[in-house]
Amino acid sequence: DIDETLESKFDLNQLKRLGKYVGNYKKTLITVIVLMLISSALSMLNPLFLKDVMDTIEQCAIHGTMSKAAASQRVIVASCLMLAVTVIVVLILRFKIKMMAEVGQGVIHALRRDLFVHLQELPFSYYDDKPHGKIQVRVVNYVNNLSDLLSNGIVNTITDMCSLIFIIIFML
């Protein structure tokens with residue numbers, strides 16, 4: 001009744017096997033990554049717009065080199081641009097979530113189908129040696145973990161790294 005510990009080192013071959021399932025969705029993944037790069041770059045524009053607003057207020061209030069009407073107009077334009085960028089980023093994120101959910105569910109469907117076929121081909125002696133439900137629990141839990149990884153982990157890691165690079169570039 002005691003479940004054995006399944007500790008194994010990272011195996012590149014297992015990752016390659018998973019890559020075969022993901023390979024059917026290369027175009028979608030590339031599209032998502034490009035969209036997320038665009039989203040990351042656009043989201044870095046908001047601090048630039050805020051800098052412009054701060055400079056405008058400084059020119060108007062402190063130095064008096066700009067009229068209040070011109071300053072108000074520049075602040076309104078910057079605010080509208082910030083709103084537009086934010087709306088575009090939100091739409092891109094929504095589209096990304098939808099596309100990655102489709103990819104994740106498609107990969108998981110294919111993986112579950114292949115697992116089912118494999119389990120059907122195993123001899124009865126395999127099932128005689130295992131406690132009740134152990135195989136089912138493993139299949140369900142492992143596949144759900146892969147689903148989480150595919151739907152969120154990979155693309156989020158890539159886009160977060162790109163966001164970090166954009167932040168460093170803008171800071172320099």
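Student: Which residues are exposed on the other side of α3, away from its buried ones?

Tutor: Met 54, Ile 62 and His 63 are exposed there. Keep in mind that this is a predicted model.

Student: And which residues of α3 are buried?

Tutor: The buried set is Asn 46, Phe 49, Val 53, Thr 56 and Cys 60. Around the axis they cover an arc of only 85 degrees, so they sit on the same side of α3.

Student: What covers them?

Tutor: The cover includes α2 (26–43) and α4 (68–121).

Student: Take Asn 46. Buried or exposed?

Tutor: Buried. Its relative accessible area is 17%, and the cut-off for buried is under 20%.

Student: What does Asn 46 touch?

Tutor: Leaving out residues up to four places away in sequence, Asn 46 touches Met 82, Val 85 and Thr 86.

Student: Back to the helix as a whole. How far apart are the end C-alpha atoms of α3?

Tutor: They are 26 Å apart. The helix has 19 residues, and at 1.5 Å a residue they should span 27 Å, which agrees.

Student: What happens just after α3?

Tutor: Gly 64 comes there, with a positive phi of about 70 degrees.

Student: New topic. How many salt bridges does the structure hold?

Tutor: Three.

Student: Which residue pairs with Asp 55?

Tutor: Lys 51 does, with the closest N and O atoms 3.2 Å apart. The two are four residues apart in helix α3, which means about one helical turn separates them. Asp 55 is partly exposed, at 27% relative accessibility.

Student: Which residue does Arg 74 meet in a salt bridge?

Tutor: Asp 52. The N to O distance is 2.5 Å. Arg 74 is in helix α4 and Asp 52 is in helix α3, so this pair ties together parts that are 22 residues apart in sequence.

Student: How accessible are Arg 74 and Asp 52?

Tutor: Arg 74 has 32% relative accessibility, so it counts as partly exposed. Asp 52 is partly exposed too, with a relative accessible area of 26%.

Student: What about Arg 113: which residue is its partner?

Tutor: Asp 114, with the closest N and O atoms 4.0 Å apart. Arg 113 is partly exposed at 44% relative accessibility. Asp 114 is partly exposed at 33%.

Student: Why do such pairs form in general?

Tutor: Side chains of opposite charge can pair when their charged atoms come close.

Student: Switching to the surface. Which residues form the nonpolar patch?

Tutor: Leu 48, Ile 165, Ile 169 and Phe 170 form it. Together they have about 370 Å² of accessible area.

Student: Which helix gives the most to the patch?

Tutor: Helix α6, residues 134–171, gives the most, with three residues.

Student: Where does Leu 48 sit?

Tutor: In helix α3, which runs over residues 45–63. Leu 48 is partly exposed, with a relative accessible area of 38%.

Student: Last one. Where is Lys 16, and how far is it from Gln 73 in space?

Tutor: Lys 16 lies in helix α1, residues 12–22. From C-alpha to C-alpha, Lys 16 and Gln 73 are 56 Å apart, with their positions 57 residues apart in sequence as the separation.

Student: Is Lys 16 buried or exposed?

Tutor: Exposed. Its relative accessibility is 52%, and the cut-off for exposed is over 50%.

Technical notes. Residues are numbered from 1 along each chain as its sequence is written. This is a predicted model: local features need pLDDT of at least 70, side-chain atom pairs count only at pLDDT 80 or more; totals for chains, interfaces and linings use all residues. Side-chain values use heavy atoms; hydrogens and water are left out. Patches are made of residues with over 30% relative accessible area and no salt bridge: like charges are joined within 9 Å, nonpolar side chains (Val, Leu, Ile, Met, Phe, Trp, Tyr) within 5 Å. Accessible areas come from the Shrake-Rupley method with a 1.4 Å probe; for residues, only the protein chains shown count as cover. A salt bridge is a side-chain nitrogen of Lys or Arg within 4 Å of a carboxyl oxygen of Asp or Glu. Buried means under 20% relative accessible area, exposed over 50%, partly exposed in between (1.4 Å probe, protein chains only). The expected span of a helix is 1.5 Å times one less than its number of residues. The arc is that of the directions from the helix axis to the C-beta atoms. Contact means heavy atoms within 4.5 Å.
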